[in-house]
Amino acid sequence: MPDDLRRRLLAEHGEARLMLSYPLASSVAVMKVLRAELGGDVARTKRTLQQIRAGMFAGTMPEMTLLAHRLRAAGVEAEVECPHQPDEAPAGHPAAEREVRTARRP
């Protein structure tokens, strides 16, 4: 996705996080998907897997949804959580505290 579009999506909707439904899911299966989708060497792929397991791997909702879909196709249950701020509440207002939306497979 073009950088300017990615920045706009992140600014408007916040980051989405890729989560494994079973934190101890097969490292081999997850790493195969990550290498196929993200490229990079084995060391980078291992770091990405560690970030996912720690709940720290984030991107746009479409990016994370695609990765979750690819992981599920490989037999690894995954979901996407997207913290966002409600449009109605002004920043700093208690109602503007981050909520979590979860995108799961249909």
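Is R17 buried, partly exposed or exposed? Select R17 in this predicted model and colour the residue by accessibility: with a relative accessibility of 24%, R17 counts as partly exposed, because the buried class ends under 20%. Now add E15 to the selection, and you will find that its side chain meets that of R17 in a salt bridge, with 3.8 Å from N to O. E15 is partly exposed as well, at a relative accessible area of 39%.

Next, move to R70 and E37, whose side chains also meet in a salt bridge, here with 3.0 Å between N and O. This pair ties together distant parts of the chain, since R70 sits in helix α4 and E37 in helix α2, 33 residues apart. R70 is partly exposed at 35% relative accessibility, and E37 is partly exposed at 32%.

Then select E63 and R6, which form a salt bridge whose closest N and O atoms are 2.7 Å apart. E63 belongs to helix α4 and R6 to helix α1 (residues 3–13), so that 57 residues separate these distant parts of the chain. In the whole structure, the search finds three salt bridges.

Finally, turn to the largest nonpolar core, which has 20 residues, and select those with the most contacts inside it: L18, L20, V30, M64, L71 and V76. Among the elements that give two or more residues to this core are β1 (16–20), α3 (42–53) and β3 (78–84), while α2 provides the largest share, five residues. Centre the view on V30 and, leaving aside its neighbours within four places in sequence, look for its contacts with L20, L49, L71 and V76.

Note on methods: Residues are numbered from 1 along each chain as its sequence is written. This is a predicted model: local features need pLDDT of at least 70, side-chain atom pairs count only at pLDDT 80 or more; totals for chains, interfaces and linings use all residues. Side-chain values use heavy atoms; hydrogens and water are left out. A nonpolar core is a set of buried Ala, Val, Leu, Ile, Met, Phe, Trp, Tyr and Cys residues joined through side-chain atoms within 4.5 Å. Buried means under 20% relative accessible area, exposed over 50%, partly exposed in between (1.4 Å probe, protein chains only). Helices (H or I, at least four residues) and strands (E, at least two) are DSSP runs, numbered from the N terminus. Contact means heavy atoms within 4.5 Å. A salt bridge is a side-chain nitrogen of Lys or Arg within 4 Å of a carboxyl oxygen of Asp or Glu.
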